[in-house]
Amino acid sequence: MTVINKTDFIDSVESALQYISYYHPKDFIDSLYSAYQKEQNPAARDAMAQMLINSRMCAEGKRPICQDTGIVTVFVKIGMGVQWDSDLTVQQMVDEGVRRAYLSEDNPLRASIVANPVGPRKNTKDNTPAVVHVKMVSGNTVDVTVAAKGGGSENKSKFVMLNPNDSIVDWVLKTVPTMGAGWCPPGMLGLGIGGTAEKAMVLAKESLMDPIDIHELIERGAETPVEKLRLELYEKVNQLGIGAQGLGGLTTVLDIKINDCPTHAASLPIAMIPNCAATRHAHFVLDGNGPSFVEAPSLEDWPVITQEASDSVKKVNLDNITQQEIESWQPGDTLLLSGKILTGRDAAHKKIKDILDQGESLPEGVDFEGRFIYYVGPVDPVGDEVVGPAGPTTSTRMDKYSDMMLNDKSEGGLGLMGMIGKAERGDAALASIKKNKSVYLMAVGGAAFLVSKAIKQSRVVAFEELGMEAIYEFEVQDMPVTVAVDTNGDSVHKTGPQIWKVKIQEAG
């Protein structure tokens, strides 16, 4: 009989969560670097360069890869020969580990969990509770896999009940383009096939805990139906041309993972969950001999990449920007932004709408006319940092506020000139951008620490009670962005994948 002490379990969970916040798995870095080396689309290649540079910076500085430090998911396999020395349940022990990890003074992680999802959506302040899956197995150890999943990729999860003879490949190829770029490709797609609806979803999530090994599979060849399906989907999803950050390119997925199990004769449940470019998971085993800590990788595992500004990069001073200047920008242009910008996410936009609907004035300092907004919820700073990792959030969630933000004040709007976020914009937002001759710029998701280094000053302007969703004013210097939608409403997220899908087909 093995005795597992609660302190050992809690300490191990805490350590693993800190570890995955700033260390990418080596298999991911190797695969992303390989994709970067072969990428032919300059915009997608630059996005991957930023991800790789950011990853090395985080490994060196021990700061989060992404500002969205995720909802914690833990898979716990408990041996039948284990006895617990604990007055807490497994859920309570996991949550205590989460609490300590996310409230760390050395590397605080962003608390993103809200209680009562149907309202009021009040932040729990410590990122608890975690989602815990417990399974009893043979043996006398406790096997634990810890993951932290960002909202942008989790929100793109899909599920379908197919008929038994329907094509899984056809459904995946039809569905992936509808997911947009909010899941921050390139990453992995995890599929769960079989069981029941809820079983398929867990299978898909658990598949994402496995290392990237598609190239080894290609080399040795498929031996099972599942392996054949993995290879077919890997090839055909990449042929869609979606590319890094949805900009178009050769690599959309780094691997396809599949877990399957028996199912009803009348059923074919299929779950698909993407893992973003901030893939975060770690595995450890407790055997009664104290806590288990994941061994730190060597910095030699990271490629050394320098990002050099080409002659075509445009430097922009946002403090004296003109309408004529933004109308000269074309989709795909690279800009380096300097000057003052305001921030705002879902909760701030809703508060602004509520205030306007009540006929009241916005707080002092909240004036968007002729300015740019950055969709971001930063991590708290440590030491001499101005702000913690501060990458963009998925912009489509703010689409419904586009008219309110962009329309001229004479039309009851706020006169915003431009927006900065990640992923594509929907048709309503594109129409509003075109009507108001505004622009949408894209920062790279998965490069949060790198982006934060461009922020030279930060202060809360309004809604401090919203925590990371408050409105800040940032002063930035040479913040790298791509023109995703120009003043004519033309979107690189529409044209880029179309162009590269054709190029890939022609290359055959």
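Here is a walk through a few helix pairs, some unusual backbone spots and one histidine in this structure. Keep in mind that the model is predicted.

Let's start at the beginning of the chain, with helix α1, which covers residues 6-22. Its partner is helix α4, residues 90-102, and the two axes come within 8 Å of each other. They cross at roughly 45°. That angle is neither under 35 degrees nor between 65 and 115, so α1 and α4 count as oblique to each other. If you look at the handedness, the crossing of α1 and α4 is right-handed.

Who does the touching here? On the α1 side you'll find Lys6, Phe9, Ile10, Asp11, Val13, Glu14, Leu17 and Gln18. They meet Val90, Met93, Val94, Glu96, Gly97, Val98, Arg100, Ala101 and Tyr102 in α4. Sorted by class, the contact of α1 with α4 holds 10 nonpolar, two polar and five charged residues.

Next, have a look at helix α2 (residues 26-38) and helix α3 (residues 42-61). Their axes come within 9 Å and cross at roughly 150°. Since angles over 145 degrees count as roughly antiparallel, that is the label for α2 and α3. The way α2 passes α3 is a left-handed crossing. From α2, the residues in the contact are Ile29, Leu32, Tyr33, Ala35, Tyr36 and Gln37. From α3, they are Arg45, Met48, Ala49, Met51, Leu52 and Ser55. Nine of the residues in the contact of α2 with α3 are nonpolar, two are polar and one is charged.

Now move along the chain to helix α6, a short stretch to find at residues 168-175. Which of its residues are buried? They are Ile168, Val169, Trp171, Val172 and Thr175. Seen down the axis of α6, these buried residues fall within an arc of 165°, so they line one face of the helix. An α-helix has 3.6 residues a turn, so residues three or four places apart point the same way. On the other side of α6, Asp170 and Lys174 are exposed.

What does the buried face of α6 pack against? The buried residues of α6 pack against the strands β8 (158-162), β9 (187-195) and β11 (268-275), and also against helix α9. Helix α9 spans residues 225-238, and its axis lies 11 Å from that of α6, at an angle of about 30°. That makes α6 and α9 roughly parallel. In handedness, α6 passes α9 in a right-handed crossing. Ile168, Val169, Val172 and Leu173 of α6 make the contact with Leu229, Glu232, Leu233, Lys236 and Val237 of α9. By class, the contact of α6 with α9 has seven nonpolar residues, two charged ones and no polar ones.

Away from the helix pairs, the loops have some backbone details to look for. Two peptide bonds leading into prolines are worth finding. The bond from Gly119 to Pro120 is cis, with omega near -5°, and Pro120 sits in the loop between β4 (114-115) and β5 (122-123). The bond from Pro185 to Pro186 is cis too, with omega near 5°. Pro186 belongs to the loop between α6 and β9.

Then there are positive phi values in residues that aren't glycine. Asn127 has a phi near 70°, a positive value in a residue other than glycine. You'll find Asn127 in the loop between β5 and β6 (131-137). Is Asn127 buried or exposed? With a relative accessibility of 0%, Asn127 counts as buried. Lys437 also has a positive phi, about 55°, although it is not a glycine. Its loop runs between α13 (427-436) and β17 (439-442). Lys437 has 32% relative accessibility and therefore counts as partly exposed.

One last stop is His283, which lies in strand β12 (residues 281-286). His283 counts as partly exposed because its relative accessibility is 44%. Leaving out residues up to four places away in sequence, His283 touches Asp143, Val144, Thr145 and Val294. You can also tie His283 back to the start of the tour through Glu96, one of the α4 residues that meet α1. His283 and Glu96 are 187 residues apart in sequence, and 18 Å apart in space from C-alpha to C-alpha.

Key:
Residues numbered from 1 in each chain as written. Predicted model: local features only at pLDDT ≥ 70, side-chain atom pairs only at ≥ 80, totals over all residues. Heavy atoms only, no water. Axes fitted to C-alpha atoms, helices over the stretch in contact; angles between N-to-C directions. Helix = DSSP H or I, 4+ residues; strand = E, 2+ residues; numbered from the N terminus. Left-handed = near helix turned anticlockwise from the far one by under 90°. Contact = heavy atoms within 4.5 Å. Nonpolar A, V, L, I, M, F, W, Y, C, P; charged D, E, K, R; others polar. Buried < 20%, exposed > 50% of the residue type's maximum accessible area, 1.4 Å probe, protein only. Arc of directions from axis to C-beta.
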